[in-house]
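Here's a walk through one protein model, written for someone fairly new to structures. Keep the 3D view open and click along as you read.

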Amino acid sequence: MNFAAKYGPWALVAGASDGVGAAFAMGLAQRGVNVVLLARRRDVLDQVAAQINSATHAQTRTLAVDLAQPHAATIIAEATSDLEIGFLVYCAGADPNFEPFLANSVEAAESMVRRNCMVPMQLCHHFAPAMVERGRGGIVLFGSGAGFAGAPNMVAYGASKAFDMVFAEALWAELHGKGIDVLGLILGKTDTPALRELEYRRGQITSADDMPPGAAPVDEVISEAFDNLTNGPTWIVGADMRAAMQMLGSLTRNQAVNLMAQASAAAMGTPPH
């Protein structure tokens, strides 16, 4: 069975406006799968759709939805009710702030949890039954190394990514024997527009057009993702990330948190507490 026959005819990519989401959507289209592009900004989605339409024969549909709003999953389900979704990709939910928990409102943390935990869970519950009935399909949930241990400046974010990782693993355990490839894709520092903007605001790079030091190129991340769709339940992207996570796993939880705190302080350019 070729890629499009296994995962098509349509894929839904949440977080498709730029970075890894847009690149994953393009990769799906290049493999013959039609793509629903979902994010908050319709104008940017339209640009991504135009790029896909000019480079491939795949069909596209754009869907502007704020994934942190109430009933986001219901809106998405209704907007795609006429499509056969064979592939769900959820790569929304980055933290643009990287600030202490108490520096932001509790509503900001609640929005993070809705966007990173509630909505992907709801979408999986909505789209997976038809995949199981067909005996084929795929689900990719983007995670982060921040989910392996707690650290300052990413309290709600790290916790939500821990949820995503365990959720993907458990879903894989239930569905992989039914023909559904489920993958929790764990990323480290990745060269996305959001990261460039964050590091530029902090003065860590001189221009938002510069590549942040130590960041993995998006095309390398996406290539590794497609190469490992069937290697679930969890795939950690990048040899350095895999080595770091293996090392973290050899530590006590206290040691792992202390190490993550040091990494967080280094990212902020401040001494650890």
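What follows is a short tour of this predicted model, from its sheet to a handful of single residues.

## The sheet in the middle of the story

Let's begin with the strands. There are 7 of them in an open sheet, and if you walk across it you meet them in the order 3-2-1-4-5-6-7, with parallel pairing. Who ends up at the edges? Strand 3 (60–64) and strand 7 (234–236) do, each with a single partner strand, so one side of each has no neighbour in the sheet. Going from one strand to the next, the twist averages 15°.

Now zoom in on two of the pairings. Strand 6 (residues 180–187) runs parallel to strand 7, and 3 bridges join them; one place to look is glycine 184, whose bridge partner in strand 7 is threonine 234. Strand 1 (residues 10–14) pairs with strand 2 in the parallel sense too, over 5 bridges. There, tryptophan 10 stands opposite asparagine 34 of strand 2.

## Strand 2, covered on both faces

Here's a handy bit of background: in a regular strand, side chains alternate between the two faces of the sheet. Keep that in mind for strand 2, where 6 of its 6 residues are buried. On one side you'll find Asn34, Val36 and Leu38, and on the other Val35, Leu37 and Ala39, so both faces of the strand are covered.

What lies across this part of the sheet? Helix 3 (residues 42–55) lies across strand 2 (34–39) and strand 3, and runs at about 170° to strand 3.

## Rings that pair up

Next, the aromatic side chains. The model has 8 aromatic pairs. In one of them, phenylalanine 163 and phenylalanine 167 have ring centres 5.8 Å apart and planes at 5°, so they count as stacked; the cut-off for stacking is planes under 30 degrees apart. These two are 4 residues apart in helix 6 (residues 155–175), which means about one helical turn separates them. Are they buried or exposed? Phenylalanine 163 is partly exposed, at 32% relative accessibility, while phenylalanine 167 is buried at 18%.

Elsewhere, ring pairs link Phe3, Tyr7, Phe24, Phe87, Phe142 and Phe226 into a cluster. Arginine 31 joins the scene here: it lies over the face of phenylalanine 3, at 5.9 Å from the ring centre. The charged end of arginine 31 also sits over the ring of phenylalanine 226, 3.8 Å from its centre.

## Three buried residues with polar contacts

Try clicking on serine 144, which belongs to strand 5 (residues 137–144). Serine 144 is buried, with a relative accessible area of 11%. A polar atom of its side chain lies 3.0 Å from the backbone nitrogen of alanine 146. Leaving out residues up to four places away in sequence, serine 144 touches Tyr157, Lys161, Ile186 and Leu187.

Threonine 80 sits in the loop between helix 4 (72–79) and strand 4 (85–90). How accessible is threonine 80? Just 3% in relative terms, so it counts as buried. Its side chain reaches back to the backbone oxygen of isoleucine 76, at 2.9 Å. Beyond its neighbours within four places in sequence, threonine 80 is in contact with Val36, Arg61 and Phe127.

## Far along the chain, together in space

Another loop residue is threonine 56, found between helix 3 and strand 3. Threonine 56 is buried, with a relative accessible area of 11%. Its side chain reaches the backbone nitrogen of alanine 58 at 3.1 Å. Now look for alanine 29: it is 27 residues from threonine 56 along the chain, yet their C-alpha atoms are separated by 6.4 Å. Setting aside neighbours within four places in sequence, threonine 56 is in contact with Met26, Ala29 and Gln30.

Last stop: leucine 248, in helix 9 (residues 239–249). Leucine 248 is buried, at 10% relative accessible area. Which residues does leucine 248 contact, leaving aside its neighbours within four places in sequence? They are Phe148, Ala256, Leu259 and Met260. For methionine 260, which is 12 residues away along the chain, the C-alpha atom is separated from that of leucine 248 by 9.2 Å.

Methods. Residues numbered from 1 in each chain as written. Predicted model: local features only at pLDDT ≥ 70, side-chain atom pairs only at ≥ 80, totals over all residues. Heavy atoms only, no water. Phe/Tyr/Trp six-rings, centres within 6.5 Å; stacked < 30°, edge-to-face > 60°. Buried < 20%, exposed > 50% of the residue type's maximum accessible area, 1.4 Å probe, protein only. Lys NZ or Arg CZ within 6 Å of the ring centre and 35° of its normal. Pairing = 2+ DSSP bridges. Axes fitted to C-alpha atoms, helices over the stretch in contact; angles between N-to-C directions. Contact = heavy atoms within 4.5 Å. Polar contact = N/O pair within 3.5 Å; in protein donor to acceptor, adjacent residues only side chain to side chain.
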